[in-house]
Amino acid sequence: MDQDQGPPISPTLAKVSYEFMKGIEETVITTYTFLVGAGLDKAIRDIAGSDDPRCAVAFLGRHAPVIFQGGHARIICNLASGATNPAAVRELQKHNHEVRQNSRLHSKVYLGGGWP
């Protein structure tokens with residue numbers, strides 16, 4: 001294995017990554033801001049209310065349907081742990097938001113914007 005190339009990526013992982021990230025333009029981040037408290041809450045609500053939010057979050061609470069009021073949301077969360085509110089998931093799905101499950105997930109990633 002060439003050290004510059006890193007380990008090989010499985011075809012399945014590559015396809016899932018490509019499908020999830022399709023349409024996202026390359027962005028160079030030059031500064032970082034760590035948000036907490038009210039600033040974090042506002043940023044999450046702004047992203048969740050955007051045109052096409054994509055989120056990987058460990059758990060969805062009862063207020064998730066209120067927060068995701070924008071366009072078609074794509075959400076990956078942990079449904080198996082019991083910490084995600086099943087009524088919130090059903091309500092999101094009723095409004096055509098895509099909710100997928102990963103039992104090992106414990107991330108908090110929010111992407112917002114108008115994707116092609």
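This note walks through a predicted model of one protein chain, point by point.

1. **Start with how far to trust it.** Since you are looking at a predicted model, a good habit is to check confidence before anything else. The mean pLDDT of the chain is 78, and 69% of its residues reach 70 or more. Confidence is lowest in helix α1, residues 11–21, where the mean is 52. Helix α4 sits at the other end of the scale, with the highest value, 95. For residues 1–7 the pLDDT is below 50, and this stretch has three contacts in the model beyond near neighbours in sequence. Please keep that in mind when you look at the beginning of the chain.

2. **The overall layout.** The chain holds four helices and four strands. Read from the N terminus, the order of elements is α-α-β-α-β-α-β-β. Of the 116 residues, 22% count as buried. How many of the contacts between residues at least 6 apart in sequence join residues at least 24 apart? The share is 58%.

3. **A β-α-β unit to look for.** Try tracing the path from β2 through α4 to β3: these elements make a right-handed β-α-β unit. The strands β2 and β3 (residues 98–101) run parallel and are joined by four bridges. If you want one pair to find on screen, take Ile76, whose bridge partner in β3 is Arg100.

4. **The largest nonpolar core.** This core has 14 residues, and those touching the most other members are Val57, Leu60, Ala64, Phe68, Ile75, Leu92 and Val99. Two or more residues each come from β1 (54–57), α3 (64–67), β2 (74–77) and α4 (86–94). The largest share, three residues, is given by α4. As background, nonpolar side chains tend to be buried together in soluble globular proteins.

5. **Leu92 as a worked example.** Which residues does Leu92 touch, once those up to four places away in sequence are not counted? The answer is Leu60, Ala64, Pro65, Phe68, Ile75, His97 and Val99. Several of these names should be familiar from the previous point: Leu60, Ala64, Phe68, Ile75 and Val99 are among the core residues that touch the most other members.

6. **Salt bridges within helices.** A search of the whole structure finds six salt bridges. In general, side chains of opposite charge can pair when their charged atoms come close. One of the six joins Asp46 and Lys42, at 2.7 Å from N to O. Both residues lie in helix α2 (residues 37–48), four residues apart, which is about one turn of the helix. Is each partner buried or exposed? Asp46 is partly exposed, at a relative accessible area of 44%, while Lys42 is exposed, at 51%. A second bridge links Lys94 and Glu91, at 3.2 Å from N to O. These two belong to helix α4 and are three residues apart, again about one turn of the helix. Lys94 counts as exposed because its relative accessibility is 58%, and Glu91 is partly exposed at 28%.

7. **More charged partners.** The side chains of Glu98 and Arg100 also meet in a salt bridge, with 2.7 Å from N to O. Glu98 is partly exposed, with a relative accessible area of 26%, whereas Arg100 is exposed, at 52%. Asp52, Arg54 and Arg74 are joined into one network by salt bridges that share partners. Arg100 is worth a second glance, as you have already met this residue as the bridge partner of Ile76.

8. **An unusual backbone angle.** Most residues other than glycine have a negative phi. Asn96, however, has a phi near 65°, a positive value in a residue other than glycine. Where is Asn96 found? This residue lies in the loop between α4 and β3. Asn96 counts as exposed because its relative accessibility is 60%.

9. **One more loop.** Ser81 is placed in the loop between β2 and α4. At 44% relative accessibility, Ser81 counts as partly exposed. Along the chain, Ser81 and Phe59 are 22 residues apart, and their C-alpha atoms are separated by 8.8 Å.

Note on methods
Residues numbered from 1 in each chain as written. Predicted model: local features only at pLDDT ≥ 70, side-chain atom pairs only at ≥ 80, totals over all residues. Heavy atoms only, no water. Core = buried A, V, L, I, M, F, W, Y, C linked by side-chain atoms within 4.5 Å. Buried < 20%, exposed > 50% of the residue type's maximum accessible area, 1.4 Å probe, protein only. Contact = heavy atoms within 4.5 Å. Salt bridge = Lys/Arg side-chain N within 4 Å of Asp/Glu carboxyl O. pLDDT = per-residue confidence, 0-100. Pairing = 2+ DSSP bridges. Right-handed = clockwise from strand over helix to strand, strands pointing away.
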